[in-house]
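Welcome to a short tour of a protein model. Have the viewer open and follow along as we go from the whole fold down to single residues.

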Amino acid sequence: MGLGWRLVARPLISRLDSEKSHDIALGAMSRLDNSNYGKSLMNRFYRSPELPIHTLGRLFHHPLGLAAGMDKGAKALSAWPALGFSWIEYGGITRYPQDGNPKPRMFRANSERALVNSMGFNNPGASSVRDSLIKRKALGNWPNTPVAANIGRSKKVTNEQAPSDYSQTLETLWDHADMFVLNVSSPNTPGLRDLQQEDLLRNVIRECSKVRDKNKSQKPILLKVSPDNDDELISEMIDISLNLGIDGIVATNTTISRPEPKNTQSRIAFSQSGGVSGKPLHKRSLEVISNIFDYTNGKTTIVGVGGIDSPESAWKSIQSGASLLQLYSSLVFNGPGVTQSIVRGLKSRVKEYGFSGVSEAVGYFHR
């Protein structure tokens, strides 16, 4: 356990308001990614129990995965399962390489257990990521868990050009992920959230659906929505998305709203531009999950993300309607054992409620 703490938790929690500490943590995970012994050792301490759920045409060992943003360039794909994750989402990836927004662009509010980031899709670009993933597969270092790719709009591309931008990134990465998440809801790229409006959203989804049709593959495509949208707009987006073949909804992205700061550190963090993730997001995430489940009569897959940091918060997200879950911020604040702890707690609750499996708990609040 000492090895895992040194490799992951210490750099993550030491100064995560600093982007440098994130890079140190990711570097440690990247080194672990290339060490079978290291992954085996980590897995011994942090393995999560089995709590299988079948959704999106795949079997997941349990619902909890790693959210996008932690491993933007897919540098440590095979290491994350050693921390107990049952699936991984890399990215966001854009068609063109980009540096992201000016630094500093990552801040932490410890008292609220919240992160503020204005990263702006910093990533090496779709072609570079594809090439590295081809090498990874050739070396036999591909995770044995489902992998999702998060796709965003390149900053230099206009919204009118966005359908082509998204679809070309999707085409580039098509063979290097099991499913894809269209990110039209990040607050950190100017104008990106405008893509959630009817005509623009329709065009983006149509072009991406053409890529799937061309490849004659039914890999799931999901849409990530903003918690800052009102419920009516989210319902309109759901109608458009499902009518055009979207397979699921990720609820939610980060928020531009701010909680009341408890101290000076939090006040400084919340005064920065960018999206808030972590505990303050959980209440709205639950509302969005619940509204989508209710609106679709439970017939579309929902990925719950935002403030999931304990068995209780995860269980609420599942009962509200989420079939799958993701976390990021709680890995920062709770350390590398958080995944195992949450899944163990979920398994206990499934047993306590007398369910035969976790899928029976999905949307339980609506019954």
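Helices and strands here are DSSP runs, with at least four residues for a helix and at least two for a strand, numbered from the N terminus. Counted in this way, the protein has twelve helices and 13 strands. Its radius of gyration is 19 Å, close to the 21 Å that the globule rule gives for 367 residues, so the protein is as compact as a globular protein of that length. Please keep in mind that this is a predicted model.

## The overall picture

The C-alpha trace spans about 50 × 50 × 45 Å along the principal axes of the protein. Of the 367 residues, 61% are buried.

## Salt bridges

Let us turn to charged side chains. Side chains of opposite charge can pair when their charged atoms come close. In this protein the count comes to 13 salt bridges. The table shows some of them.

| Acidic partner | Basic partner | N to O distance |
|---|---|---|
| Asp33 | Arg136 | 3.0 Å |
| Asp178 | Arg58 | 3.0 Å |
| Asp247 | Arg212 | 2.6 Å |

Begin with Asp33 and Arg136, whose side chains meet in a salt bridge. This pair links distant parts of the chain, with Asp33 in helix H2 (residues 19-33) and Arg136 in helix H4 (residues 126-138), 103 residues apart. Are Asp33 and Arg136 buried or exposed? Both Asp33 and Arg136 are buried.

Next come Asp178 and Arg58, which also form a salt bridge. Asp178 sits in the loop between helix H5 (162-173) and strand S8 (179-183), while Arg58 belongs to strand S2, so the pair ties together parts that are 120 residues apart in sequence. With a relative accessible area of 17%, Asp178 is buried, because buried means under 20%. Arg58, at 32% relative accessibility, counts as partly exposed.

The side chains of Asp247 and Arg212 make another salt bridge. Here Asp247 is in the loop between H7 and S10 and Arg212 is in helix H6, so this pair ties together parts that are 35 residues apart in sequence. Asp247 counts as partly exposed at 29% relative accessibility, whereas Arg212 is buried, with a relative accessible area of 6%. Salt bridges that share partners also join Asp231, Arg284 and Glu287 into one network.

## Patches on the surface

Now look at the outside of the model. Which residues form a negative surface patch? The patch is formed by Asp230, Glu232, Glu236 and Asp239. One of these, Asp230, lies in the loop between strand S9 (221-225) and helix H7 (231-243). Asp230 has a relative accessible area of 48% and is partly exposed, because exposed means over 50%.

A nonpolar surface patch can be found as well. Tyr353, Tyr364 and Phe365 make this patch of about 300 Å². Tyr364 is located in the segment after helix H12 (338-353), and at 32% relative accessibility Tyr364 counts as partly exposed.

## Backbone details

Finally, follow the backbone itself. Where do cis peptide bonds appear? One cis peptide bond joins Gly91 and Gly92, with omega at about 10°. Gly92 is part of strand S4 (residues 87-93). Another cis peptide bond joins Ala251 and Thr252, where omega is about 15°. You will find Thr252 in the loop between strand S10 (248-251) and helix H8 (264-270).

Two residues with positive phi are worth a visit too. Leu56 is not a glycine, yet its phi is positive, at about 55°. Leu56 lies in the loop between strand S1 (53-55) and strand S2 (58-60). At 15% relative accessibility, Leu56 counts as buried.

Lys216, also not a glycine, has a positive phi of about 50°. The loop between helix H6 (198-215) and S9 is the place of Lys216. Is Lys216 buried or exposed? At 76% relative accessibility, Lys216 counts as exposed, because exposed means over 50%.

Notes:
Residues numbered from 1 in each chain as written. Predicted model: local features only at pLDDT ≥ 70, side-chain atom pairs only at ≥ 80, totals over all residues. Heavy atoms only, no water. Patch = residues over 30% accessible without salt bridge, like charges linked within 9 Å, V, L, I, M, F, W, Y side chains within 5 Å. Areas by Shrake-Rupley, 256 points an atom, 1.4 Å probe, with all protein chains shown as cover. Salt bridge = Lys/Arg side-chain N within 4 Å of Asp/Glu carboxyl O. Lys, Arg positive; Asp, Glu negative; His and termini not counted. Charge placed at Lys NZ, Arg CZ, Asp CG, Glu CD. Buried < 20%, exposed > 50% of the residue type's maximum accessible area, 1.4 Å probe, protein only. Rg over C-alpha atoms; globule rule 2.2 N^0.38 Å.
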